[in-house]
Amino acid sequence: MKGTLGMKKSTGTKDLIDSLIPLGMIFGCAIGVIFGMFFKPIFQVFTVSIGAGIGYLFGVIAYGIYSKKEKL
């Protein structure tokens with residue numbers, strides 16, 4: 001029974017780690033849209049793409065940090 005619980009926790013943690021990059025991109029796009037509302041409509045495309053890029057960067061950094069903690 002203990003092995004099953006430990007494995008379940010590990011799977012959930014792995015799923016969270018694997019979801020960090022897409023979640024970062026989604027939140028980055030959302031922040032880009034919010035900032036885009038304050039600029040001209042033509043800049044909305046740039047704010048969404050820049051927000052996704054920044055979210056991707058933060059997702060990769062968080063993925064690197066948490067995957068190292070998982071191996072230890």
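**Surface, fold and largest pocket of a two-helix chain**

The chain exposes about 5,900 Å², and carbon and sulfur atoms supply 77% of that area. The model is a predicted one. Of the 72 residues in the chain, 18% are buried.

The secondary structure consists of two helices and zero strands. Among contacts in the chain with a separation of 6 or more, 67% join residues that lie 24 or more positions apart.

The discussion now turns to the space left between the atoms. Rolling a probe the size of a water molecule over the atoms reveals where empty space remains. The largest pocket holds about 170 Å³ of space. Two or more residues of its lining come from each of helix H1 (2–36) and helix H2 (44–71). The lining is made up of Gly24, Phe27, Gly28, Ile31, Gly32, Phe35, Thr47, Ile50, Gly51, Ile54, Gly55 and Phe58. By class, these lining residues divide into six nonpolar, six polar and no charged; glycine is counted here as polar.

Gly24, one of the lining residues, merits separate attention. Gly24 is found in helix H1. Is Gly24 buried or exposed? Gly24 has a relative accessible area of 16%, and it is therefore classed as buried, the cut-off being under 20%. When its neighbours within four places in sequence are left aside, Gly24 is in contact with Gly55 and Tyr56. Of these two partners, Gly55 also belongs to the lining of the largest pocket. Gly51, another lining residue, is 27 residues from Gly24 in sequence, and the C-alpha to C-alpha distance between Gly24 and Gly51 is 9.3 Å.

How values were computed:
Residues numbered from 1 in each chain as written. Predicted model: local features only at pLDDT ≥ 70, side-chain atom pairs only at ≥ 80, totals over all residues. Heavy atoms only, no water. 1 Å grid on protein atoms, 1.4 Å probe; cavity = no way out; pocket = protein on both sides within 12 Å on 5 of 7 lines; lining within 4 Å. Points joined across faces, edges and corners; volume = space filled by probe spheres on them. Helix = DSSP H or I, 4+ residues; strand = E, 2+ residues; numbered from the N terminus. Buried < 20%, exposed > 50% of the residue type's maximum accessible area, 1.4 Å probe, protein only. Contact = heavy atoms within 4.5 Å. Areas by Shrake-Rupley, 256 points an atom, 1.4 Å probe, with all protein chains shown as cover.
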